[in-house]
Amino acid sequence: GQGDLAPEIWEKVKNHPCYSEEAHHHYARMHVAVAPACNIQCNYCNRKYDCANESRPGVVSEKLTPEQAAKKVLAVASTIPQMTVLGIAGPGDPLANPEKTFKTFQLISETAPDIKLCLSTNGLALPDHVDTIKAFNVDHVTITINMVDPDIGAEIYPWVFFNHKRYTGRDAAKILTERQLQGLEMLTERGILCKVNSVMIPGVNDAHLVEVNKAVKSRGAFLHNIMPLISAPEHGTVFGLNGQRGPTAQELKALQDSCEGEMNMMRHCRQCRADAVGLLGEDRSAEFTTEKIMTMD
Ligand code: CLF
Ligand code: SF4
């Protein structure tokens with residue numbers, strides 16, 4: 001329920017299935033996979049599959065043009081009445097594909113103005129797009145923040161591509177953390193609700209995520225979602241973390257518990273695919289393939 005949330009925040013979260021634990025039983029979200037490119041390299045990424053920032057690696061989403069995406073949103077909204085939120089979360093980084101991402105938001109805000117818009121990003125390009133995000137009335141942004149210490153970041157990110165140049169090692173991680181935290185502050189200053197996702201990588205950033213939690217809370221993040229690294233060798237090797245295990249359920253819960261009290265923790269994330277459709281935990285994407293949508297009226 002509303003609990004101790006301010007009324008204006010409650011209005012924004014009450015029917016968002018990710019931002020409100022209660023809403024996820026009643027309201028559905030969908031993702032459209034319009035964003036193939038990425039501007040950084042995460043060691044845990046498998047580029048053949050969806051971005052692991054918001055989604056389960058190992059499933060390949062069907063990529064859509066903005067026009068196909070808008071058509072799909074209308075088709076889904078007319079079939080699933082609880083559909084309240086449209087998110088763009090991959091399969092790469094939405095802000096590394098700004099024309100496609102914002103064109104999709106524009107088409108959907110014209111044809112289905114009641115649908116809330118949501119965006120998930122690695123944050124590198126975020127400060128450049130905050131004003132556009134605000135102009136499109138996107139009220140929910142997720143930033144994946146796995147570290148605030150460039151030495152730890154150097155173990156997670158081999159490179160970032162920034163200002164037409166490739167940076168590596170500690171320099172890359174320093175740029176990334178500065179841009180992520182700056183983007184977070186700019187969004188919260190503008191009243192846009194920010195969730196932070198962190199991928200828990202045992203032995204790399206697990207002990208450090210308490211510090212990440214404090215850093216993002218102090219910059220106005222509303223919710224922190226610590227997700228387990230999914231290492232699934234049957235889906236092919238990830239970029240640079242071969243042999244890296246994910247956390248156990250107990251390790252994940254212990255870390256979430258130690259951050260609780262500092263801020264709201266999300267514990268109902270289902271690590272959706274970049275073309276997920278339906279209630280969290282249910283996957284109706286197969287009902288809405290491009291082939292089916294293009295023949296629907
Ligand atoms: Fe999608 Fe993400 Fe928006 Fe939700 S998912 S872009 S905030 S509408 Fe939700 Fe799925 Fe977890 Fe993401 S359960 S992976 S947190
Ligand atoms: Fe892969 Fe990381 Fe880019 Fe997502 S942000 S597509 S996980 S490199």
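Begin by selecting strand S3, which gives the most to the lining of the largest cavity, with 4 residues. Bear in mind from the outset that this is a predicted model.

With S3 still highlighted, turn to its surroundings. The strand spans residues 83–88, and because 6 of its 6 residues are buried, S3 is largely enclosed by the rest of the structure. A residue counts as buried here when its relative accessible area is under 20%.

Next, add the two strands that pair with S3. On one side of the selection list put S1, residues 28–31, which pairs with S3 in the parallel sense over 4 bridges; to see the register, label Met30 and look for Leu86 of S3, which stands opposite Met30. Then add S4, residues 116–121, which also pairs with S3 in the parallel sense, again over 4 bridges. Here the pair to label is Val85 and Lys116, the latter being the bridge partner of Val85 in S4. While the side chains are displayed, it helps to recall that in a regular strand they alternate between the two faces of the sheet.

Now display the largest cavity itself, which holds about 100 Å³ of space. Of the 16 residues that line this cavity, those closest to its centre are Cys18, His31, Glu54, Gly87 and Cys118. The three strands already selected, S1, S3 and S4, each supply at least two residues of the lining, and by class the lining residues divide into 8 nonpolar, 5 polar and 3 charged. Should you wish to look further, the count comes to 4 cavities of 30 Å³ or more.

Which residues come nearest to ligand 1? Select ligand 1 and show its shell of 16 residues, where the nearest are Cys18, His31, Glu54, Cys118 and Cys272. Cys18, His31, Glu54 and Cys118 will be familiar from the previous stop, as they are also among the residues closest to the centre of the largest cavity. The shell around ligand 1 is made up of 7 nonpolar, 5 polar and 4 charged residues.

The last stop is ligand 2, which sits in the second largest pocket. Selecting its surroundings brings up 13 residues, the closest being Cys38, Cys42, Cys45, Cys51 and Asn53, so that four cysteines and one asparagine can be labelled together. Colouring this shell by class gives 8 nonpolar, 4 polar and 1 charged residue, with cysteine counted as nonpolar in that division.

Terms used
Residues are numbered from 1 along each chain as its sequence is written. Chains are lettered from A and ligands numbered from 1 in the order in which they are written. This is a predicted model: local features need pLDDT of at least 70, side-chain atom pairs count only at pLDDT 80 or more; totals for chains, interfaces and linings use all residues. Side-chain values use heavy atoms; hydrogens and water are left out. A residue is near a molecule or strand if one of its heavy atoms lies within 4 Å of it. On a 1 Å grid over the protein atoms alone, a cavity is a set of points where a 1.4 Å probe fits but cannot get out, and a pocket is an open set with protein on both sides within 12 Å along at least five of seven lines; lining residues have an atom within 4 Å of a point. A molecule sits in a cavity or pocket if more than half of its atoms lie within 2 Å of its grid points. Grid points are joined across faces, edges and corners, and a volume is the space filled by probe spheres set on the points. Buried means under 20% relative accessible area, exposed over 50%, partly exposed in between (1.4 Å probe, protein chains only). Two strands pair if DSSP finds at least two bridges between them.
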